[in-house]
Amino acid sequence: MYRLVAILMVLLVSNVFAHGHQEQHDLGEEANSIKASGKIFHTDGLDVIRKMHPEFLNHKRDKTLREGVRTKEGSLKGCVNCHSTKDKKTNQYHPVNDQDQFCSTCHQQVSVSVDCFSCHRTTPRKGTK
Amino acid sequence: MNIRYEETQGRSLGFYALIAGLGVFILAALGAVLYMEHYGHYVTGMSNRIVWGMPHVFALFLIVAASGALNVASIASVFQKKLYKPLSRLSGLVALALLAGGLMVLVLDLGRPDRLIVAMTEYNFKSIFAWNIILYNGFFVIVAVYLWMMFERRMNKFTSKAGLAAFSWRLILTTGTGSIFGFLVARQAYDAVIMAPMFIIMSFAFGLAFFILILMASYKWTERPLGDAVVNRLGSLLGVFVAAVMYFVAVKHLGNLYLAENAGVENFILFDGGIYTQLFWYGQIILGGLIPMALIYHPALRGNRSTLGLASILILIGGVIQLYIIIVGGQAYPMEMFPGKEILEGYGGIAAYTPSLPEIMLGIGGIAVSLIAVTLLVKFLPFLPESLADEVADPHHKS
Amino acid sequence: MSKTLNRRDFIKTSSATTVGVATIASGITLTSFAVNANENPVTKDKRWGMLVDTNKLTEVEIDGMVSACQQENGWGSEVHSTGDQKPTWVKKLKVQDKATGKITSLPLMCQHCEEPPCVDVCPTNASMKREDGIVLVDKHLCIGCRYCMMACPYDARSFVHEELTDQREHMPRGKGTVESCTLCVHKVDNGESPACVASVNSDAVIFGDLYDPKSNINQTLKKVQSAQIRADLDLNTGVRYSGI
């Protein structure tokens, strides 16, 4: 019995480490090049954007949809445009919510579903005009 | 007169067969929901013209019937009729079960049922739908409290007050349900204040028909005595309610015929609407109205439980048909967008609707949920009097 | 202080420069503002509207308006939806006067009512009207109950019956929610005209601020006879028609 409890404890603790461990995922094409150039896009710090991005997006969505404020700040289009990766063979963008793409890597880990992309476009803009 | 309530045994083969049978329908309904939600509503018969189809027919039928099923309890506690008192607990239970089934169907037909939480947190107080969400939730709470007052001996003295509250609430609730349609100014088929009282009368009839069937079935299957005093009284009441529904239907259609703006849709339903006209006359009026009244009032059939049961079933079938005509028929006929002009192209014409199997399964699943809830709860809580024989239910009954 | 400058002052001070670019030779009226105009919330000082002259507008032009809308907003290429299930943001109607037999063609879309029934009935506030009169569906809140479709007198709303991908970047659309003409709000906020208006090469359809006495639409509505569809409902629509 104690042995089982011990195993369970180890599993639980290792789970915590698994969360702490920051696996280096592909940030997306533009994000990578910004990073390579040494510039910082999320000037408030990565912790802030990691933790607060749902609030930023929700705030922005209400501002834009209901009040017509169309600034670039906090725009979901911006996230998608920067954090998408291209398939090497086909030269097509992967949808940003596909498995192992930018949004999904974290969201899968913490099992929080993303509702944005049931309506929003998942790849950088295709010219409409 | 001392009424003893007792749980049903619920160990017989029949009981498990009933649970299993209803379970199959519920599973089929859940399968249908998964299918419709996975693919989207294109797999249903619904469209942008018939936006509410079969699920709404069943959902509103059950919700309307739910508030009506509470009437038996109200007659006992509000109007102090002793005969109905032993039936009060079951009445409250049937009301809650039917509402739960109806709401399940309504919610699972949403485009985004996963966002139900939004409907609970974002209220637009101008919306009759939003009022209804409050009214439905309130109904659960009030009827639950009412049942508690009935079950708990110390609380018995508050029963009539709780009953009055529940009765008032249910009248408001059905008014709200009827007003979903009554306030749709754009549509000639609906825009009428009479929708609210008509829905109330419909609820009386459908709710009582459900109640009679459940009462007779449960006493038969548990082999408990059920006297004629109770059954005959409920039967005559049902006849009155059906007559009242027919009266309201007549007034509604006559009133509508008088308005030139509504003449088109009235002619459609009453005379040249194909399937809708047939459903109206053969289904709603003859099958769901005239035949049940004959079965209830014909002297040779008085006190006959089989014919009362048949009448109740026909009233329920007629009720589903009536809601189908109101909901689907009302949408099928085009809106009058350009008075004095005829639309040649782009809009107009009778909208086609063929209910798909998943929609029907979802609707029937709602009924199954209501029935399974009743079946299980009478097993676990003492809802049913152990005897409703004449000398128990009505000692002064003269047979 | 320039940030707190309210929109009306801003428009006043910049109107001199914008009027110059407002009217294009073709007769389409564009109201252009500087880029930072949409940093501020829209206000009640404006009411966007459209005037359709059915005597001038040809059937070909109406078809052009429909396809311009499809192109701009990405609807119409649904694969599974059939017949009445397909979304229709704008459609061509042909109506005939019962007495005279006169046939009129017109584009019908969301009429952007001042008192929109769809907004009244929506249980979750998803149907909404912006301060400047544009009626929209907030798809973040839409639960797909379709009550707004029951309430709309113009058959203007569509329910998305199937899963969609590859939406336009500026026009999110998705299965299980209701949608309708947005008056190309994304373009209007950038000072452009709606796609359907821009597609017509004459002054048969004009777009602008109904309240602005200097706007083409305001001045034209003062001159010509115009009507609202189902005016008896007293919804005060933003889309007006002349010639019906």
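**Note on chain contacts and packing in a predicted model**

1. In this model, which is predicted, a convenient place to begin is chain B, where B:Phe268, B:Ile269, B:Leu270, B:Phe271 and B:Asp272 of helix 10 meet B:Tyr276, B:Thr277 and B:Phe280 of helix 11. Sorted by class, the residues of this contact between helix 10 and helix 11 of chain B comprise six nonpolar, one polar and one charged.

2. The geometry of that pair can be stated as well. Two packed helices are described by the angle between their axes and by the distance between those axes. For helix 10 (residues 260–272) and helix 11 (residues 275–297) of chain B, the packing angle is about 65° and the axes lie 6 Å apart. Since angles of 65 to 115 degrees count as roughly perpendicular, helix 10 of chain B and helix 11 of chain B are therefore roughly perpendicular to each other.

3. Turning to the contact between chains B and C, 47 residues of chain C are in contact with 37 residues of chain B. On the chain C side, the elements that contribute two or more residues are strand 2 (90–97), strand 3 (103–109), helix 3 (117–121), helix 4 (147–151) and strand 6 (158–159) of chain C. Strand 2 of chain C gives the most to this side, with seven residues. By class, the side of chain C that touches chain B holds 22 nonpolar, twelve polar and 13 charged residues.

4. Strand 2 of chain C also takes part in strand pairing across the two chains, for strand 2 of chain B (residues 341–345) and strand 2 of chain C pair in the antiparallel sense over four bridges. Within this pairing, a reader can look for B:Glu342, whose bridge partner in strand 2 of chain C is C:Gln96.

5. Chain C is also in contact with chain A, and here the contact takes 15 residues from chain A and 20 residues from chain C. On the chain A side, helix 3 of chain A (residues 46–67) gives the most, with four residues. The residues of the side of chain A that touches chain C divide into seven charged, five polar and three nonpolar.

6. A last point concerns strand pairing inside chain C, where strand 1 (residues 48–53) and strand 8 (residues 205–209) of chain C pair in the antiparallel sense over five bridges. One bridge to look for joins C:Met50 to its partner in strand 8 of chain C, C:Phe207. Strand 8 of chain C is mostly covered, with five of its five residues buried.

Technical notes:
Residues numbered from 1 in each chain as written. Chains lettered and ligands numbered in written order. Predicted model: local features only at pLDDT ≥ 70, side-chain atom pairs only at ≥ 80, totals over all residues. Contact = placed C-beta atoms within 7 Å. Nonpolar A, V, L, I, M, F, W, Y, C, P; charged D, E, K, R; others polar. Pairing = 2+ DSSP bridges. Axes fitted to C-alpha atoms, helices over the stretch in contact; angles between N-to-C directions. Parallel < 35°, antiparallel > 145°, perpendicular 65-115°, else oblique. Buried ≥ 20, exposed ≤ 12 C-beta atoms within 10 Å, placed from the backbone.
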